Amino acid sequence: MTTLIRIALQKSGRLSEDSYQLFKECGIRFDYGTGKLKSVSSNFPAEFLFLRDDDIPGYVEDGVADLGIVGENVAVESARSVQTVHRLGFSKCRLSIAIPRSESWSSISDLHGKNIATSYPRLLGNYLAEQGVQANIHEISGSVEIAPSIGLAEAVCDIVSSGSTLLSNGLKEVETIFRSEAILVANNTLNDEQQVILEKLLFRIKAVQAAKN
Ligand code: PRT
Ligand code: ZN
């Protein structure tokens, strides 16, 4: 039986379109968007799995998938043991601290003793520790931006792209703690055949990227 490499992609979200487009430009064909959870390529030894982005690092660590495309923010926050094999340059965003627009700000030490709402407790905790700031981290899974207006926290730490979500919630960005983009991650123990397929894929990805620059 020929070896297939299993690649986990986000089913539907901010990573999906560019991920599908990348494989298309690499000349690798597969069906997606039909509601199917997996699809085998018709012209490359790969099988694609369509998942929630949060599940991708764990699937790759466990070897359910050999490769995955995920935001670096999600990969690092997950603390899963996977290797970053390539940076893909799309789905760029930043993880930033924001406070109500009416509040003054002089430095990160303003957060000492404050409550900060975030879905990224690990990334935020590491940053605050590095900066020597002691604050209370409140982990919430969604709608982080409304936390200050409902009295849950004095600050938030959330993903920002254009900044319009912060603006429309009366917040201002005061400190960027992490810059992210989509990355290709791999299981730590690929066998020789899988490694050969990964090298072929990387060769094509690099050619596509080089043609754009
Ligand atoms: O359903 P599933 O769990 O798979 O997807 P999801 O809803 O958890 O993730 P999704 O699709 O929103 O984001 C996937 C990845 O895209 C993230 O992990 C980031 O790496 C990256 N990315 C890029 C973003 C953004 N840009 C982004 N703007 N992720 C989220 N946002 C959100 C942000 O949380 C905030 O609510 O968009 C809002 C801010 O956008 P602006 O433009 O108003 O600043
Ligand atoms: Zn998600």
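## Two domains and a ligand

The protein chain splits into domain 1, made of residues 5–91 + 181–212, and domain 2, made of residues 93–179. Please keep in mind as you look around that this is a predicted model. Computed over nothing but C-alpha atoms, the centres of domain 1 and domain 2 are 30 Å apart. Seven residues from domain 1 and nine residues from domain 2 take part in the contact.

### Where the domains meet

Let us start with the area of this interface. Between them, domain 1 and domain 2 bury about 730 Å², and carbon and sulfur atoms account for 56% of that area. Which three residues of domain 1 supply more of the area it buries against domain 2 than any other three? They are N73, V76 and E77, which together supply 68% of it.

The chemistry of the interface comes next. Three residue pairs are in polar contact between domain 1 and domain 2, with both residues at pLDDT 80 or more. On the side of domain 1 that touches domain 2, there are three nonpolar, two polar and two charged residues. How many salt bridges does the rule find across the interface of domain 1 and domain 2? The count is zero.

### Around ligand 1

Now for the ligand. There are 22 residues around ligand 1, and those that come nearest are R14, R52, N73, S162 and T165. N73 is thus a residue to look at twice: it is among the nearest to ligand 1, and it is also one of the three residues that supply 68% of the area domain 1 buries against domain 2.

The table lists polar atoms of the protein and their distances from an oxygen atom of ligand 1.

| Residue | Polar atom | Distance from an oxygen atom of ligand 1 |
|---|---|---|
| R14 | backbone | 2.7 Å |
| G163 | backbone | 2.8 Å |
| S164 | side chain | 3.2 Å |

As for cover, ligand 1 has 840 Å² of accessible area on its own, and the protein covers 78% of it.

Technical notes. Residues numbered from 1 in each chain as written. Chains lettered and ligands numbered in written order. Predicted model: local features only at pLDDT ≥ 70, side-chain atom pairs only at ≥ 80, totals over all residues. Heavy atoms only, no water. Domains from an automatic or database assignment. Contact = heavy atoms within 4.5 Å. Buried area = accessible area lost by both parts, 1.4 Å probe. Salt bridge = Lys/Arg side-chain N within 4 Å of Asp/Glu carboxyl O. Polar contact = N/O pair within 3.5 Å; in protein donor to acceptor, adjacent residues only side chain to side chain. Nonpolar A, V, L, I, M, F, W, Y, C, P; charged D, E, K, R; others polar. Near = heavy atom within 4 Å. Areas by Shrake-Rupley, 256 points an atom, 1.4 Å probe, with all protein chains shown as cover.
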